[in-house]
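Want to get to know a protein you've never met? Grab a pencil and work through a few short exercises, each with its solution spelled out.

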Amino acid sequence: MTDRRKPYEAPGEGAPDPVDLDSELRLSWESVRGKLKSEFGDKTFNSWLRPVELVGATPSGLALGVPTRFMRDWVRAHYLSRIQDLWKAELGVLPEIELKVELRGAGKTCAPETAGEPAAPSASATPVASDRPRPHQLDTTSRQMDLTAPLDPRFTFDSFVVGKSNELAHAAAHRVASETKVQFNPLFLYGGVGLGKTHLMHAIAWEIRRRHPQRKVIYMSAEKFMYQFIRALRFKDTMSFKDEFRSVDVLMIDDVQFIAHKDATQEEFFHTFNALVDHNRQVVISADRSPSDLDGIEERIRSRLGWGLVADIHPTDYELRLGILQSKREQLGDIEAPDEVIEFLARRISSNVRELEGYLIRIGAFASLTSTPISLEMAKNILKDIIVEKTKEVTVENIQKTVANHFQLKTAELKSAQRLKTLVQPRQIAMYICRKLTSASYPEI
Ligand code: ADP
Ligand code: MG
């Protein structure tokens with residue numbers, strides 16, 4: 001049976017065109033893929049197995065293409081033997097499997113391994129943009145700079161306005177920055193977009209630099225953490241990656257929700273986290289929701305994240321918004337907005353602080369460009385569209401009413417548990433709109 005089929009070609013001789021493959025073998029491969037998907041689950045399958053392509057096959061041999069070397073190593077280490085078994089179950093022969101790195105679509109095999117040849121560090125290449133491995137010895141200083149993200153000079157404790165909604169988070173952040181003794185670990189800050197999480201983390205870093213310059217602080221987004229980790233894996237450099245992270249006094253990871261569903265990164269994050277906490281080093285984490293609401297993050301990690309102090313930042317109230325605007329007006333200097341304008345903004349804009357600032361700047365720019373003093377009239381005019389939108393209160397009740405009206409239903413029908421087809425779609429639409437336009441969560445809706 002074997003000799004009936006063309007053996008797959010060796011790398012370098014050009015990958016066989018997938019359409020040349022026997023449809024029978026292709027079907028077998030599809031069946032193997034289906035089983036992999038149900039065994040490992042959608043998440044793993046989509047991240048690691050979906051990109052694996054069949055590029056050549058006989059019953060006794062498979063050539064599989066993956067887009068990157070990192071992926072090739074990962075698939076080889078974790079899934080290869082299972083693929084072999086499943087293929088054997090399909091065709092009765094234990095196949096030899098060759099995994100090769102293929103540029104998707106280009107139909108070309110990648111250049112051979114470059115890990116052995118140290119790339120000359122080029123003066124012009126920025127460390128982050130460079131995706132070639134660099135020799136170890138040269139690495140340490142540039143690497144350190146790589147690791148901590150640049151800090152925004154505006155984000156200090158001085159410029160952070162404290163109100164009821166953020167006082168716990170602020171106090172905890174301040175404590176972490178001033179004391180060297182670890183009191184709660186981790187400090188977990190969470191709250192909606194634009195409410196000052198990043199500001200507080202930068203403030204911690206600035207304050208530590210000022211008070212305890214010898215302490216080593218790393219601040220970075222969870223996204224960058226993942227990027228660094230993957231890079232280390234690709235260049236087989238995980239040892240120095242681990243060393244760098246585990247030698248810090250304070251590690252701050254911003255927007256940790258980013259690593260949801262990223263299993264390998266979570267794993268590494270968890271090890272790093274545990275190593276630091278075990279050695280009594282301070283860890284500060286931020287997220288857009290509480291530890292227990294972090295979907296897509298493993299249960300053991302979620303629960304561990306909640307062990308220290310969890311401080312949430314609530315949406316701003318009127319007084320805090322007023323305070324923030326006054327402080328921004330002072331900082332910006334050239335925006336001479338009268339109090340009534342500031343009060344107007346604080347009253348009308350209840351979304352996040354970033355937007356609040358944005359509007360103040362917009363008004364300032366308009367005044368400066370037209371060489372007219374800022375007035376309430378002007379502010380109202382500039383923000384007309386937005387304010388109209390905002391004043392029409394968007395509540396769950398309003399949305400229910402509007403959607404029910406549109407589909408000529410009663411609100412009660414929309415809210416009922418009946419699963420009639422005529423009700424299900426309007427109900428889903430209403431839920432979708434509520435989720436998009438109100439702060440209600442799905443369970444509440
Ligand atoms: P998050 O990280 O929570 O999304 P940021 O920290 O980036 O939010 O804050 C968004 C903007 O709002 C920044 O310019 C920040 O300086 C400002 N901001 C947020 N809260 C405050 C506050 N309490 N006092 C002063 N500025 C604030
Ligand atoms: Mg942020």
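The exercises below look at a predicted model, moving from empty space to charged pairs and then to the surface.

**Exercise 1. Find out what lines the second largest pocket and which helix gives the most to that lining.**

Solution.
- Step 1: Start with the space itself, which is about 610 Å³ in the second largest pocket.
- Step 2: Look at who sits around it. The lining has 32 residues, and the closest to the pocket centre are Phe155, Gly196, His199, Val353 and Glu357.
- Step 3: Check which elements give two or more residues: these are helix 6 (197-211), helix 11 (318-332) and helix 13 (353-370).
- Step 4: Pick the top contributor. Helix 11 gives the most, with six residues.
- Step 5: Sort the lining by class, and you get eleven nonpolar, 14 polar and seven charged residues.

**Exercise 2. Work out how many cavities of 30 Å³ or more there are, and describe the largest cavity.**

Solution.
- Step 1: Recall the idea: rolling a probe the size of a water molecule over the atoms shows where empty space is left.
- Step 2: Count. There is one cavity of 30 Å³ or more.
- Step 3: Give its volume. The largest cavity holds about 30 Å³ of space.
- Step 4: Name the lining of the largest cavity: Arg175, Val176, Glu179, Lys181, Val182, Gln183, Phe184 and Gln282.
- Step 5: Split that lining by class, which gives three nonpolar, two polar and three charged residues.

**Exercise 3. Take the salt bridges of Asp73, Arg210 and Lys216, and say where the partners lie.**

Solution.
- Step 1: Keep the principle in mind: side chains of opposite charge can pair when their charged atoms come close. The count here is 18 salt bridges.
- Step 2: Asp73 meets Lys236 at 3.7 Å, N to O. This pair links distant parts of the chain, 163 residues apart, with Asp73 in helix 2 (residues 69-78) and Lys236 in the loop between helix 7 (222-234) and helix 8 (238-246).
- Step 3: Compare how open these two are. Asp73 has a relative accessible area of 26%, so it's partly exposed, while Lys236 has 52%, so it's exposed.
- Step 4: Now Arg210 and Glu207, whose side chains meet at 2.8 Å, N to O. Both are in helix 6, three residues apart, or about one turn of the helix.
- Step 5: Is each of them buried or exposed? Arg210 is exposed at 60%, but Glu207 has 10% relative accessibility and counts as buried because the cut-off for buried is under 20%.
- Step 6: Finish with Lys216 and Glu244, whose closest N and O atoms are 3.2 Å apart. Lys216 is in the loop between helix 6 and strand 6 (217-221) and Glu244 is in helix 8, so their bridge ties together parts 28 residues apart in sequence. Both Lys216 and Glu244 are buried.
- Step 7: Some bridges share partners, too: Glu39, Arg82 and Asp85 are joined into one network that way.

**Exercise 4. Go to the surface and place Met431 and Ser292.**

Solution.
- Step 1: Find Met431 in helix 18 (residues 421-437). Its relative accessible area is 32%, so Met431 is partly exposed.
- Step 2: See who joins it. Met431, Tyr432 and Tyr442 make a nonpolar surface patch of about 310 Å².
- Step 3: Switch to Ser292, in the loop between strand 8 (282-287) and helix 10 (299-305). With a relative accessible area of 52%, Ser292 is exposed, because the cut-off is over 50%.
- Step 4: Relate Ser292 to Leu305: they are 13 residues apart in sequence, and their C-alpha atoms are 8.7 Å apart in space.

Key
Residues are numbered from 1 along each chain as its sequence is written. Chains are lettered from A and ligands numbered from 1 in the order in which they are written. This is a predicted model: local features need pLDDT of at least 70, side-chain atom pairs count only at pLDDT 80 or more; totals for chains, interfaces and linings use all residues. Side-chain values use heavy atoms; hydrogens and water are left out. On a 1 Å grid over the protein atoms alone, a cavity is a set of points where a 1.4 Å probe fits but cannot get out, and a pocket is an open set with protein on both sides within 12 Å along at least five of seven lines; lining residues have an atom within 4 Å of a point. Grid points are joined across faces, edges and corners, and a volume is the space filled by probe spheres set on the points. Helices (H or I, at least four residues) and strands (E, at least two) are DSSP runs, numbered from the N terminus. Ala, Val, Leu, Ile, Met, Phe, Trp, Tyr, Cys and Pro count as nonpolar, Asp, Glu, Lys and Arg as charged, and the others, Gly among them, as polar. Patches are made of residues with over 30% relative accessible area and no salt bridge: like charges are joined within 9 Å, nonpolar side chains (Val, Leu, Ile, Met, Phe, Trp, Tyr) within 5 Å. Accessible areas come from the Shrake-Rupley method with a 1.4 Å probe; for residues, only the protein chains shown count as cover. A salt bridge is a side-chain nitrogen of Lys or Arg within 4 Å of a carboxyl oxygen of Asp or Glu. Buried means under 20% relative accessible area, exposed over 50%, partly exposed in between (1.4 Å probe, protein chains only).
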